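Work through the three exercises below with the model open. Each task is followed by a solution in steps.

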Amino acid sequence: MVSPPRRATEPGRPAAVLPEGDRVTMFEIFFDLVFVFALMRVIELMETQQGLGGLGRGLLVLLLLWWAWCAFIWLGNRVRLDRGRVVVAILVAMSALFVAALVIPYAWEPPSDWLSPALVLALAFTVVRASYVSTFLWTSRGDRRLRTQVLIDAIPQTGSSVLLIIGAVLGGDLQGVCWAVAFALDFGVGWLVSRYNGWRVASPAHFVERHGLVLIIALGETVLSSGAGVGSDLDDGTVHGLSIVAALLAFVVVVSLWWAYFRGPSAAARHALVSADPIRRPAIVLGVVALGLPSLVALFLVAALVVAAALTTASRERHATAGSRQKEHHPCP
């Protein structure tokens, strides 16, 4: 997956994306690895926060992560993220996203100090957004309409970041309310102001490939997690049926999700973007690629959670059976 050379528009500016046929760079895939790590930490949040409340909190964090990540797809579709000063800004965003991933499972735990995990997560989201906005403004100096669109979009993002910090300080149920309003503000107002039509889709192929690759990485993480779970049950050299069944369940889920996306929506989205008029492409991206795939990723998270629960249940059943057999062979005096 080698990226072709991209033309530089002005000396000292990042290289512009070619109109068609551009490929995702290795640096973007590296960024996506950090994003997928954050997704896996959302699963841990759902495991620690039991019930529908935990599921809702996990999906809320997923939406915040997804919307922040989508911004960097727009940026990477315009400029090379692995060239010039842009690299520094992306590394800052990656570092903030990594810190966010570390604290995601503890985002709703009561704080033991003024710097709670929720506040760290809110500040990390703020750094990610600030990095995106500042980089987009710098790289859009030659496009007045795009620059205006970014400035307009920065207004709801600023308000959303403030709500994230306020919610983190309040904690508890108020935290969930503030964060939900923050996403609604960022997403809803951002959707409305996109009617200014300042966004540009330079490479439809890049958009579709970037989304497909991040889903492949996420599915791969699920396979690795299920395999690791079964491997820990085989340490005693014995094959356990329940663990194998749970692992096969995980594999079936992965194959089903792969089939659901790559055998249909992916090819359809690519065809729609390539054949559409350039003016209509941003609306198609917002309506199909950027909004349809989150539902599939949400299904992936729920499926991964079910698989993790199945592996845990299988392990507990095995240990319980082994314990009962040991008591039968060694009865207490």
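Helices here are DSSP runs of H or I with at least four residues, numbered from the N terminus. The model is a predicted one.

**Exercise 1.** Find the helix that gives the largest share of the nonpolar surface patch, and classify L174 as buried, partly exposed or exposed.

Solution.
- Step 1: The patch on the surface is formed by V162, I166, L170 and L174, which together have about 350 Å² of accessible area.
- Step 2: Helix 5, residues 144-170, supplies three residues, the largest share of the patch.
- Step 3: L174 belongs to helix 6, which covers residues 172-193.
- Step 4: Partly exposed is the class between under 20% (buried) and over 50% (exposed). L174 has a relative accessible area of 48%, so L174 is partly exposed.

**Exercise 2.** Determine how helix 4 is oriented relative to helix 5, and what kinds of residues make up their contact.

Solution.
- Step 1: Helix 4 (residues 117-139) packs with helix 5 at an angle of about 170°, and the axes are 9 Å apart.
- Step 2: Angles over 145 degrees count as roughly antiparallel. Helix 4 is therefore roughly antiparallel to helix 5.
- Step 3: In the contact of helix 4 with helix 5 there are 17 nonpolar, four polar and three charged residues.

**Exercise 3.** Place A96 in its helix, decide whether A96 is buried or exposed, and give its C-alpha distance to V34.

Solution.
- Step 1: A96 sits in helix 3, residues 86-103.
- Step 2: Buried means under 20% relative accessible area. A96 has 8% relative accessibility and therefore counts as buried.
- Step 3: The C-alpha atoms of A96 and V34 are 10.0 Å apart, while the two residues are 62 residues apart in sequence.

Notes: Residues are numbered from 1 along each chain as its sequence is written. This is a predicted model: local features need pLDDT of at least 70, side-chain atom pairs count only at pLDDT 80 or more; totals for chains, interfaces and linings use all residues. Side-chain values use heavy atoms; hydrogens and water are left out. Patches are made of residues with over 30% relative accessible area and no salt bridge: like charges are joined within 9 Å, nonpolar side chains (Val, Leu, Ile, Met, Phe, Trp, Tyr) within 5 Å. Accessible areas come from the Shrake-Rupley method with a 1.4 Å probe; for residues, only the protein chains shown count as cover. A salt bridge is a side-chain nitrogen of Lys or Arg within 4 Å of a carboxyl oxygen of Asp or Glu. Helices (H or I, at least four residues) and strands (E, at least two) are DSSP runs, numbered from the N terminus. Buried means under 20% relative accessible area, exposed over 50%, partly exposed in between (1.4 Å probe, protein chains only). Axes are lines fitted to C-alpha atoms, for helices over the stretch in contact, and angles run from 0 to 180 degrees between N-to-C directions. Angles under 35 degrees count as roughly parallel, over 145 as roughly antiparallel, 65 to 115 as roughly perpendicular and the rest as oblique. Ala, Val, Leu, Ile, Met, Phe, Trp, Tyr, Cys and Pro count as nonpolar, Asp, Glu, Lys and Arg as charged, and the others, Gly among them, as polar.
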